[in-house]
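Hi,

Here is the structure I promised to pass on. Have a look at it first, and then read my notes below.

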Amino acid sequence: YRINSNFRVAGQAVYLNGGNRYPEGIRLDYLFLEWQLINSQNWQIKSYLGRNKNYHWLYSSTRDVPHTRPSIVLPQSLYFDAFRDVALGVDGLAVVSQTYNNLGEWDINLSLGSSTISEEQKRNLLGHLATGKLKHDSDKQLSVYFRPRASSYQFGLGLLDADFSYQRGENDRFFAGRQVSQRIMFNLLYQGQNWEIASEIIRERVIVHDVIFPGFSSDATAEGGYVQARNFLSEEITLLARLDIYDRDRKYRNGSDLEASSQGLIPGYFGFMDQATAGITWKLAKNLQLQAELHRVKGTARLAPIFSPDVVQNDNKYWNMWALQLMYWF
């Protein structure tokens with residue numbers, strides 16, 4: 001709803017039922033007040049107050065709109081489905097700016113805030129034996145995108161610092177503690193007449209204190225990323241190919257640390273997850289689209305719950321996933 005030329009209110013509520021990819025139910029994805037701070041020839045700056053969207057990754061601001069995504073399932077190295085609600089945005093303040101100079105076009109985005117973590121989201125991360133409360137205490141993100149003049153390329157850099165805390169519940173498997181996640185991300189986007197090439201790479205330092213047991217301390221650095229190509233075969237048909245890799249700890253890429261620390265109870269393939277994806281999109285009409293894709297996956301590091309690996313359900317190092325999606329929008 002546009003209040004006047006400088007202010008508007010925007011929001012989205014959604015009901016999701018996607019199996020164990022997401023917690024089922026209704027949630028408020030975003031609801032914010034937009035204020036146009038500066039609108040000049042060289043600068044446009046807007047602020048968003050409320051529950052804001054994540055503007056920092058290539059597909060983060062549109063991952064909730066199916067027909068804008070390149071695939072049904074986004075690359076799990078960055079767009080971790082079990083963490084979807086937290087990664088979608090934060091309650092707080094976001095500032096989005098765009099400027100032009102002789103070099104080209106620049107986007108500079110900053111956000112500060114935190115997210116509410118539901119019981120279902122907590123179980124997706126920690127498992128059903130966690131009876132306490134998981135809190136997202138703070139989230140700080142900065143991203144810069146650069147598009148050179150007269151170029152089909154875009155280059156980007158993103159930084160994230162997030163703090164979480166856990167309060168122990170009754171008969172809880174876990175203990176009071178905290179976790180810090182620090183990310184640095186680089187991305188590249190090429191958009192030509194018939195081809196689009198996209199890539200994002202990530203290095204994430206995850207520091208955990210006490211949560212597993214009192215005195216527990218872990219400081220691991222995960223790495224991952226993807227390279228994706230789309231070919232616009234015609235106005236109706238688009239083909240997709242993608243390679244996505246993720247290692248939970250760069251020092252133990254084969255997951256040997258998990259296997260050793262659990263005395264063999266947790267297989268090493270929970271330490272990584274690599275997947276190759278092939279897909280096709282068929283635009284049946286102006287506002288009707290069909291997507292299909294096949295994923296060949298090696299490893300299970302991005303399957304929920306993360307802190308309590310389900311070795312019974314996820315008992316294969318190699319596995320397949322296929323998806324079919326029909327979209328209609330108006």
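How many positive and how many negative side chains does the protein chain have, and how far apart do the centres of the two sets lie? There are 35 positive and 34 negative ones, and the two centres are 3 Å apart. Before I go on, please keep in mind that this is a predicted model.

**The overall picture**

The protein chain is built with three helices and 14 strands. Its radius of gyration is 21 Å, close to the 20 Å that the globule rule gives for 330 residues, so the chain is as compact as a globular protein of that length. If you want box dimensions, the C-alpha trace spans about 60 × 40 × 40 Å along its principal axes.

As for packing, 45% of the 330 residues count as buried. Taking the contacts with a separation of 6 or more, 60% come from residues 24 or more positions apart. The accessible surface of the protein chain comes to about 17,200 Å², and carbon and sulfur atoms account for 56% of that.

**Salt bridges**

I found 14 salt bridges in the structure. Here are three of them, starting with glutamate 34 and lysine 46, whose side chains meet at 3.8 Å, N to O. Glutamate 34 sits in strand E2 (residues 25-39) and lysine 46 in strand E3 (residues 43-51), so this pair ties together parts that are twelve residues apart in sequence. The burial of the two partners is worth a look: glutamate 34 is buried at 4% relative accessible area, while lysine 46 is partly exposed at 27%.

The next pair is aspartate 161 with lysine 140, a salt bridge of 3.6 Å, N to O. It links distant parts of the chain, since aspartate 161 belongs to strand E7 (residues 153-167) and lysine 140 to strand E6 (residues 133-148), 21 residues apart. Lysine 140 is partly exposed, with a relative accessible area of 36%.

Then there is glutamate 223 with arginine 253, at 2.6 Å, N to O. Glutamate 223 is in strand E10 (residues 217-232), and arginine 253 is in the loop between strand E11 (237-247) and helix H3 (256-261), so the bridge ties together parts that are 30 residues apart in sequence. Glutamate 223 is buried, at 17% relative accessible area, and arginine 253 is partly exposed, at 37%. This pair also belongs to something wider: salt bridges with shared partners join Arg203, Glu223, Asp247, Arg250 and Arg253 into one network.

**Helix H2**

Which residues of helix H2 (residues 119-126) are buried? They are Gln121, Lys122, Asn124, Leu125 and Leu126. Their cover includes helix H1 (84-87) as well as E6 and E7, and E6 and E7 are the strands that hold lysine 140 and aspartate 161. Right after H2 comes glycine 127, which has a positive phi, near 105 degrees.

**Three buried residues**

I also looked at the surroundings of a few single residues. For the contacts below, neighbours up to four places away in sequence are left out.

- Alanine 94 lies in strand E4 (residues 91-100) and is buried at 1% relative accessibility. Its contacts are Lys46, Ser47, Tyr48, Asn52, Leu110 and Ser111, and Lys46 is the partner of glutamate 34 in the salt bridge above. Between alanine 94 and glutamine 291 there are 33 Å, C-alpha to C-alpha, with the two 197 residues apart in sequence.
- Aspartate 249 is in the loop between E11 and H3, the loop that also holds arginine 253. Aspartate 249 is buried, with a relative accessible area of 12%, and touches Ala220, Thr221, Ala222, Asp257 and Gly271. Its C-alpha atom is 39 Å from that of alanine 10, which is 239 residues away along the chain.
- Glutamine 325 belongs to strand E14 (residues 318-328) and is buried, at 16% relative accessible area. It touches Pro66, Arg69, Ile72, Gln289, Leu290 and Gln291.

That's everything from my side.

Cheers

Terms used:
Residues numbered from 1 in each chain as written. Predicted model: local features only at pLDDT ≥ 70, side-chain atom pairs only at ≥ 80, totals over all residues. Heavy atoms only, no water. Salt bridge = Lys/Arg side-chain N within 4 Å of Asp/Glu carboxyl O. Helix = DSSP H or I, 4+ residues; strand = E, 2+ residues; numbered from the N terminus. Buried < 20%, exposed > 50% of the residue type's maximum accessible area, 1.4 Å probe, protein only. Rg over C-alpha atoms; globule rule 2.2 N^0.38 Å. Contact = heavy atoms within 4.5 Å. Areas by Shrake-Rupley, 256 points an atom, 1.4 Å probe, with all protein chains shown as cover. Lys, Arg positive; Asp, Glu negative; His and termini not counted. Charge placed at Lys NZ, Arg CZ, Asp CG, Glu CD.
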